[in-house]
Amino acid sequence: MNRVKLRFANLEVNFVDREQAIKWIEYWASRGMALPHVIYGPEGCGKSAWLRQGAELLRELGFDVIYVNPIESAFTVELGIEDLRNKLMNLIREATSQTTWGRVIWSIIDIARSLIEAGTRKLAIIVDDAFQVIGIDKAAIYVKGLLGILEHPPASYDKIIAIAATSEGVSLGEIGRHSWSDTAPIWNMSKEGFRQLYEQLPELKPDFEEIWRLTGGNPRMLERLYESGWMVDKVINDLVREKMITPNFTRKWSNHLREAIEDPDYLWYNAPEELTNELIEKNLIIYFLPERDQRFWVDQPPPEQDPELGIGKHVAWQTPIHREAIKRALKEEN
Ligand SMILES: Nc1ncnc2c1ncn2[C@@H]1O[C@H](COP(=O)(O)OP(=O)(O)OP(=O)(O)O)[C@@H](O)[C@H]1O
Ligand SMILES: [Mg+2]
């Protein structure tokens with residue numbers, strides 16, 4: 001497998017690790033899918049990187065591939081049928097705004113159907129970070145559209161792989177109410193995998209263990225720390241602002257938040273639902289972590305519990321820095 005190169009702040013890095021996740025792609029390539037798969041995980045945990053590597057692997061395995069990521073304006077379109085390839089490429093070239101990207105995302109379903117009708121036998125459709133542009137309330141109906149291709153194709157096919165990825169916890173609730181897809185979680189990188197990424201960064205960097213404790217293996221947080229010149233405080237303060245952790249919010253929930261900082265499972269057992277929902281909506285926590293059985297996770301599952309990294313049995317802070325942002329906001333309160 002040709003390892004893809006990825007942008008990482010001002011650097012170019014090689015895709016590393018994620019062996020288990022790559023095995024999933026190989027498995028799907030050999031078996032196909034009965035239902036579309038919706039992949040979710042903490043923001044910046046490496047979903048897009050894995051899916052780009054996956055798109056490359058599927059191409060090597062002889063699949064026609066549509067990969068689009070409207071948020072990053074990234075795409076790979078490898079289609080054997082020239083007319084349909086051109087049609088999709090023209091739509092992508094014109095896509096500049098949320099509305100026009102939304103049109104691309106919806107058109108993929110029609111184009112996939114036309115490809116099958118025209119004789120394509122092996123097709124991979126990967127829509128990455130697309131729910132924000134079509135509207136999270138439409139995520140489920142989009143997944144149903146993907147299911148329609150698998151279940152009611154206009155002609156016979158060998159294998160179709162349909163994957164959507166999201167870091168929006170809210171969209172999961174919407175999708176989960178129906179049985180139109182399989183959902184599969186992916187966690188931040190394992191310590192050894194994360195070390196391989198860390199080693200690709202230039203010298204004069206903090207000690208690996210310190211970075212691990214701060215990021216919990218989240219490559220986006222590593223990228224932000226590196227980009228800031230390792231100014232941890234700046235990254236935390238930026239996050240407080242981006243997540244709108246306002247004085248009103250912290251004042252309203254301060255007692256509960258203090259408990260959740262100590263143990264995120266407090267949100268599972270004792271906290272008001274309104275607070276939990278707000279934390280999900282702000283993408284600060286991952287709620288409802290499945291059992292730590294390798295079969296249920298796209299790559300290495302998180303540990304059963306890790307108080308230092310803010311991981312509970314059922315609930316986890318997306319990264320330790322997300323928890324630090326709440327801590328910082330609470331401190332400002334006093
Ligand atoms: N396995 C990997 N090897 C090398 N770099 C990686 C790997 N995984 C992620 N990265 C890098 O880390 C950063 C964040 O990863 P990525 O964008 O894939 O996360 P994401 O889960 O898709 O984020 P979001 O939730 O915002 O969609 C990117 O710069 C990416 O290139
Ligand atoms: Mg992404």
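**View 1. Composition of the shell around ligand 1 in the predicted model.** The residues that make up the shell around ligand 1 fall into three classes, with 10 nonpolar, 5 polar and 8 charged. Of the 23 residues around the ligand, those that come nearest are V16, K47, S48, A49 and D129.

**View 2. Polar contacts to oxygen atoms of ligand 1.** The side chain of K47 places an N or O atom 2.8 Å from an oxygen atom of ligand 1, and for the side chain of S48 the corresponding distance from an N or O atom to a ligand oxygen atom is 2.8 Å. At R7 the backbone takes part, with one of its N or O atoms lying 3.0 Å from an oxygen atom of ligand 1. Ligand 1 has 630 Å² of accessible area on its own, and the protein covers 93% of this area.

**View 3. The pocket of ligand 1 and the elements around it.** Ligand 1 takes up the space of the largest pocket. Two or more residues of the shell are given by each of the strands β1 (5-8) and β2 (11-14) and by each of the helices α2 (47-60) and α10 (219-227).

**View 4. Ligand 1 between two domains.** Because residues of the shell come both from domain 1 (5-185) and from domain 2 (191-333), ligand 1 lies between these domains.

Key:
Residues numbered from 1 in each chain as written. Chains lettered and ligands numbered in written order. Predicted model: local features only at pLDDT ≥ 70, side-chain atom pairs only at ≥ 80, totals over all residues. Heavy atoms only, no water. Near = heavy atom within 4 Å. Polar contact = N/O pair within 3.5 Å; in protein donor to acceptor, adjacent residues only side chain to side chain. Areas by Shrake-Rupley, 256 points an atom, 1.4 Å probe, with all protein chains shown as cover. 1 Å grid on protein atoms, 1.4 Å probe; cavity = no way out; pocket = protein on both sides within 12 Å on 5 of 7 lines; lining within 4 Å. Sits in = over half its atoms within 2 Å of the grid points. Helix = DSSP H or I, 4+ residues; strand = E, 2+ residues; numbered from the N terminus. Nonpolar A, V, L, I, M, F, W, Y, C, P; charged D, E, K, R; others polar. Domains from an automatic or database assignment.
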